[in-house]
Amino acid sequence: YQRRVHGAKMDSQSNKQIENMCGFIYSEAREKASEIEQEAEENYTIEKQRMIEAEKKKIKSEFERKEKQVSIEKRIKQSNLQKEERLRVLKEREVLMQDMIAQTRTKLLNLSRDLPKYTTVLAGLIAQSAIELRIEGKPLVAIGLARDRAALNASLSEAKAKYKQATGKDLDIRVGDKTLPEDEMGGVIVHTVDDRIRSDNTFKAREEALLQELLPRFRNLLFNA
């Protein structure tokens with residue numbers, strides 16, 4: 001009987017030790033599982049935050065890229081608009097200047113059809129050319145358009161008087177046999193008998209000289225350019 005009781009005690013103690021061991025192992029397992037779960041949660045949070053920051057940087061970079069692209073496109077558009085506006089203004093200026101030139105030519109052509117006025121103009125041009133040539137005591141020749149021959153002959157006496165008044169000397173000049181090309185608007189060329197020295201006082205020559213001198217002034221006056 002005593003042997004049976006002793007054996008039962010041994011079994012009870014052994015079972016208790018086993019239970020204690022199982023409890024310890026279970027507790028250790030729970031703690032380890034909790035640590036693993038906490039570590040996993042922390043890693044998840046860190047990775048989630050990293051992904052969020054990476055996505056933020058990506059979105060910010062994309063926004064900056066698009067903003068820069070929009071800014072560049074805007075500058076290009078503004079530059080193109082400015083170029084178009086400058087071209088439009090330049091075109092309008094050119095049209096206006098050409099219109100002024102056309103009006104001037106029309107007035108010169110009308111002047112050449114008004115014989116009394118044109119004769120006086122030719123006299124002034126002949127006297128001016130003779131003075132510019134500075135050839136004293138030698139005969140000169142005046143040529144103009146074929147249709148202006150009568151006006152040229154009529155202007156010689158007045159031209160001589162103007163020359164005399166300006167220099168105190170007589171002017172020996174006649175109307176030549178040659179004529180100016182038909183595309184000339186009018187005016188006169190005065191040259192020596194051998195045609196080696198000449199003064200071009202045609203309307204076309206005077207127009208070109210005046211345009212070179214006056215166009216910059218006209219542009220400043222009309223366009224403040």
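This dialogue covers strand β3, residue T192 and the salt bridges of a predicted model.

Student: What should I know about numbering and confidence before reading this model?

Tutor: Residues are numbered from 1 along each chain as its sequence is written, and side-chain values use heavy atoms, with hydrogens and water left out. The model is predicted, so local features need pLDDT of at least 70 and side-chain atom pairs count only at pLDDT 80 or more, while totals for chains, interfaces and linings use all residues.

Student: How are strands assigned, and which residues make up β3?

Tutor: Helices (H or I, at least four residues) and strands (E, at least two) are DSSP runs, numbered from the N terminus. Strand β3 spans residues 187-192.

Student: Is β3 buried or exposed?

Tutor: Buried means under 20% relative accessible area, exposed over 50%, and partly exposed in between, with a 1.4 Å probe and protein chains only. In β3, six of six residues are buried.

Student: Which residues of β3 lie on each side?

Tutor: In a regular strand the side chains alternate between the two faces of the sheet. In β3, one side carries G187, I189 and H191, the other V188, V190 and T192, and all of these are buried.

Student: Which strands pair with β3, and how many bridges join them?

Tutor: Two strands pair if DSSP finds at least two bridges between them. Strand β1 (residues 140-143) runs antiparallel to β3 and is joined to it by four bridges; in this pairing A142 stands opposite V190. Strand β4 (residues 198-202) is also antiparallel to β3, over five bridges, and here V188 faces N201.

Student: What connects β3 to β4?

Tutor: The two strands form a hairpin with five residues between them, and D195 in the turn has a positive phi of about 60°.

Student: What surrounds T192?

Tutor: Contact means heavy atoms within 4.5 Å. Leaving aside neighbours within four places in sequence, T192 is in contact with I135, P139, L140 and I197. T192 is found in β3 and counts as buried because its relative accessible area is 10%.

Student: Which polar partners does T192 have?

Tutor: A polar contact is a pair of N or O atoms within 3.5 Å; within protein, one must be able to donate a hydrogen and the other to accept it, and residues adjacent in sequence count only if both atoms are side-chain atoms. The side chains of T192 and D194 make such a contact at 2.5 Å. A polar atom of the T192 side chain also lies 3.3 Å from the backbone nitrogen of R196.

Student: How many salt bridges does the whole structure contain?

Tutor: A salt bridge is a side-chain nitrogen of Lys or Arg within 4 Å of a carboxyl oxygen of Asp or Glu. The search finds eleven.

Student: Which salt bridges lie in helix α1?

Tutor: Among them is the pair R50 and E47, whose closest N and O atoms are 2.5 Å apart. Both lie in helix α1 (residues 2-113), three residues apart, about one turn of the helix. R50 is partly exposed at 48%, as is E47 at 35%. E85 and R88 form another salt bridge, with closest N and O atoms 2.5 Å apart; they too lie in α1, three residues apart.

Student: Which residue pairs with D170, and how exposed are the two?

Tutor: D170 forms a salt bridge with K164, the closest N and O atoms being 3.1 Å apart. D170 counts as exposed because its relative accessibility is 60%, whereas K164, at 39%, is partly exposed.

Student: Which residues are linked in a network of salt bridges?

Tutor: E62, R65 and K66 are linked in this way.
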